[in-house]
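Trainee: I should like to study this structure through a series of questions. May we begin?

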Amino acid sequence: MANTSAVYARIDSNLKENAEGILSQLGISPSGAIQMLYSQIVLNKGIPFDLRLPSDKPVAIGNMTRAQLDAELAKGLESLKTGETCSVDEVDAELAREFGI
């Protein structure tokens, strides 16, 4: 059995509840998350990562329901009818600004 030590920390109850909800969705126990954090701190001599659930945006077409796809296509058609269009460069700039892609 590995040589282990306990770590005790007092944190805000709401923060704990929210964080543990996210960890649960990721399949990670609070102890496992602390072990990962400490391991990465040692390996990288600092806090090198951001562990979180993926953003809801942008959504790949393959992950959309038929209703979601129809709604997005309807928005696009409406934009064309009203003349609210963007160049490819403008779309690329917006994706880079909003999502870092």
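Mentor: Let us begin with a pair of charged residues in this predicted model. Glu 94 and Arg 97 lie three residues apart in helix α4, so about one helical turn separates them.

Trainee: What is the N to O distance in the salt bridge between Glu 94 and Arg 97?

Mentor: Side chains of opposite charge can pair when their charged atoms come close. A salt bridge requires a side-chain nitrogen of Lys or Arg within 4 Å of a carboxyl oxygen of Asp or Glu. The side chains of Glu 94 and Arg 97 meet in such a bridge, and the N to O distance is 2.5 Å.

Trainee: Which of these two residues counts as exposed, and which as partly exposed?

Mentor: A residue is exposed over 50% relative accessible area and buried under 20%, with partly exposed in between. Glu 94 has 35% relative accessibility, so Glu 94 is partly exposed. Arg 97 has a relative accessible area of 61%, so the exposed residue is Arg 97.

Trainee: Which helix has the lowest mean pLDDT, and which the highest?

Mentor: The chain as a whole averages a pLDDT of 87, and 93% of its residues score at least 70. Among the elements of the chain, the lowest mean, 86, belongs to helix α4 (residues 88-99). The highest mean, 94, belongs to helix α1 (residues 13-26).

Trainee: How far apart are Glu 20 and Lys 16 along helix α1?

Mentor: The side chains of Glu 20 and Lys 16 form a salt bridge with an N to O distance of 3.2 Å. Glu 20 is partly exposed at 31% relative accessible area, and Lys 16 is partly exposed at 39%. Along helix α1 they are four residues apart, which means a separation of about one helical turn.

Trainee: Which residue forms a salt bridge with Lys 75?

Mentor: The bridge has an N to O distance of 2.9 Å. Its two residues are three apart in helix α3 (residues 66-82), so they are separated by about one helical turn. The partner has a relative accessible area of 38% and is therefore partly exposed. The partner of Lys 75 is Glu 72.

Trainee: How many salt bridges does the structure hold?

Mentor: We have discussed the bridge of Glu 94 with Arg 97, that of Glu 20 with Lys 16, and that of Lys 75 with Glu 72. These are among the salt bridges of the structure, whose number is four.

Trainee: Which helix gives the most residues to the lining of the largest pocket?

Mentor: The largest pocket holds about 920 Å³ of space. It is lined by 26 residues, and those nearest its centre are Pro 30, Ser 31, Ala 33, Ile 34 and Gln 35. Helices α1 and α2 each supply at least two residues of the lining. With eight residues, the helix that gives the most is α2.

Trainee: What accessible area does the nonpolar surface patch with Tyr 38 have?

Mentor: Tyr 38 belongs to helix α2 (residues 30-44). At 45% relative accessible area, Tyr 38 is partly exposed because its value lies between the two cut-offs. Val 7, Ile 34, Tyr 38, Ile 41 and Ile 47 form the patch, and their accessible area together is about 460 Å².

Trainee: What is the phi of Lys 45?

Mentor: Lys 45 lies in the loop between α2 and α3, and its 76% relative accessibility makes this residue exposed. Most residues other than glycine have a negative phi. Lys 45 is a residue other than glycine with a positive phi, near 55°.

Notes: Residues are numbered from 1 along each chain as its sequence is written. This is a predicted model: local features need pLDDT of at least 70, side-chain atom pairs count only at pLDDT 80 or more; totals for chains, interfaces and linings use all residues. Side-chain values use heavy atoms; hydrogens and water are left out. pLDDT is the predictor's confidence in each residue, from 0 to 100. Patches are made of residues with over 30% relative accessible area and no salt bridge: like charges are joined within 9 Å, nonpolar side chains (Val, Leu, Ile, Met, Phe, Trp, Tyr) within 5 Å. Accessible areas come from the Shrake-Rupley method with a 1.4 Å probe; for residues, only the protein chains shown count as cover. Buried means under 20% relative accessible area, exposed over 50%, partly exposed in between (1.4 Å probe, protein chains only). On a 1 Å grid over the protein atoms alone, a cavity is a set of points where a 1.4 Å probe fits but cannot get out, and a pocket is an open set with protein on both sides within 12 Å along at least five of seven lines; lining residues have an atom within 4 Å of a point. Grid points are joined across faces, edges and corners, and a volume is the space filled by probe spheres set on the points.
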